[in-house]
Amino acid sequence: MDKSEKTALSLSGILLVVFFGAIMYASIAKNIDVPTCITDMDPFVSDTLFETGSDSYELHMVARMWAFQPSTVRLPVGSTVDLYVTSQDIIHGFKIDRKNVNLMAVPGAINYVRVTFDEPGEYLYACHEFCGAAHHTMAGRFIIEDRNDLTDAGGPL
Ligand SMILES: [Cu+2]
């Protein structure tokens, strides 16, 4: 083996040890870790839907293989929803039928849209990014109904 090859191999070995040591130092001594996929901001670890005013709501939608949480959302007609979408694992999509809403659900990030439901009925939402074997099961629905019907059903969500 040529002397320059030995030198290059030795330097590579030393660098591997230095890099591995740096990772271990950051992990153990500095307590630095890779970020979690889902954001740990407060709204995403507590309620998924809450009322922010009269007929206005804030909804936190979490996508994961292979479902949305929540899968059914009941709201009164005329509701305006501040919708925040994120993913717990991999990239998903979020599209609401008959609404101009088409977002990506990205792990570690939050996407936002404001949507108003002026007409009663069911608005399906689904994942539009092929995300694996059960991608076709990733769907849910907004049920928009008269406030009186909603009260009979036990309130929003
Ligand atoms: Cu998906």
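Read from one end of the chain to the other, the protein runs α-α-β-β-β-β-β-β-β-β-β-β-α, which adds up to three helices and 10 strands. What is shown here is a predicted model. Its mean pLDDT is 89, and 87% of the residues score at least 70. Confidence varies from element to element: strand 6 has the highest mean value, 96, while helix 2 (residues 42-45) has the lowest, 63. Where pLDDT is low, the predicted coordinates should not be read in detail. Of the 157 residues, 20% count as buried. As for how the chain folds back on itself, residues 24 or more positions apart make up 61% of the contacts with a separation of 6 or more.

Helix 1 comes early in the chain, at residues 3-29. At 1.5 Å a residue, its 27 residues should span 39 Å, and the end C-alpha atoms sit 38 Å apart, which agrees. The number of buried residues in helix 1 is zero, so the helix lies largely in the open. After helix 1 comes Asn31, with a positive phi near 55°. Asn31 belongs to the loop between helix 1 and helix 2, and it counts as exposed, with 7 C-beta neighbours inside 10 Å.

On to the strands. Five of them make an open sheet with mixed pairing, in the order 4-10-9-6-7. Strand 4 (72-76) and strand 7 take the edges; each has a single partner strand, so one side of each is left without a neighbour in the sheet. From one strand to the next, the twist averages 20°. Strands of a sheet pair through backbone hydrogen bonds, either parallel or antiparallel. The parallel case turns up between strand 4 and strand 10, over five bridges, with Val73 opposite Phe142 of strand 10. Strand 9 (residues 121-126) and strand 10 (residues 139-145) go the antiparallel way over six bridges; here Leu124 stands opposite Arg141, and Tyr125 faces Gly140.

At the other end of the strand order, strand 6 (residues 92-96) and strand 7 (residues 101-105) are antiparallel over five bridges. His92 has Ala105 of strand 7 as its bridge partner. The two strands form a hairpin with four residues between them, and Arg98 in the turn has a positive phi of about 65°.

Strand 10 also shows a neat split between its faces. In a regular strand the side chains alternate between the two faces of the sheet. Here Gly140, Phe142 and Ile144 point to one face and are buried, whereas Ala139, Arg141, Ile143 and Glu145 point to the other and are not.

What sits inside? The largest nonpolar core has 23 residues, and those with the most contacts within it are Met61, Ala63, Leu75, Val85 and Phe94. Two or more residues each come from strand 2 (56-64), strand 4, strand 5 (79-87), strand 6, strand 7 and strand 10. Strand 2 supplies the largest share, five residues. Leaving aside residues up to four places away in sequence, Phe94 touches Met61, Ala63, Val85, Leu103, Ala105, Tyr125 and Cys127. Leu75, another of the core residues with the most contacts, is located in strand 4. Leu75 is buried, with 23 other C-beta atoms within 10 Å; the cut-off for that label is 20 or more. The C-alpha atoms of Leu75 and Leu150 are separated by 7.1 Å, although the two residues are 75 apart along the chain.

A few backbone oddities round things off. Most residues other than glycine have a negative phi, and most peptide bonds are trans. Two bonds are cis: the one from Met65 to Trp66 has omega near -5°, and the one from Gln69 to Pro70 has omega near 0°. Trp66 falls in the loop between strand 2 and strand 3 (67-69), while Pro70 falls in the loop between strand 3 and strand 4. On the phi side, Asn31 is positive without being a glycine. Asp55, also a residue other than glycine, has a positive phi near 60°. Asp55 lies in the loop between strand 1 (49-53) and strand 2 and is partly exposed, with 16 other C-beta atoms within 10 Å.

Conventions. Residues numbered from 1 in each chain as written. Predicted model: local features only at pLDDT ≥ 70, side-chain atom pairs only at ≥ 80, totals over all residues. Pairing = 2+ DSSP bridges. Axes fitted to C-alpha atoms, helices over the stretch in contact; angles between N-to-C directions. Buried ≥ 20, exposed ≤ 12 C-beta atoms within 10 Å, placed from the backbone. Contact = placed C-beta atoms within 7 Å. Core = buried A, V, L, I, M, F, W, Y, C linked by C-beta atoms within 7 Å. Expected span 1.5 Å × (residues − 1). pLDDT = per-residue confidence, 0-100.
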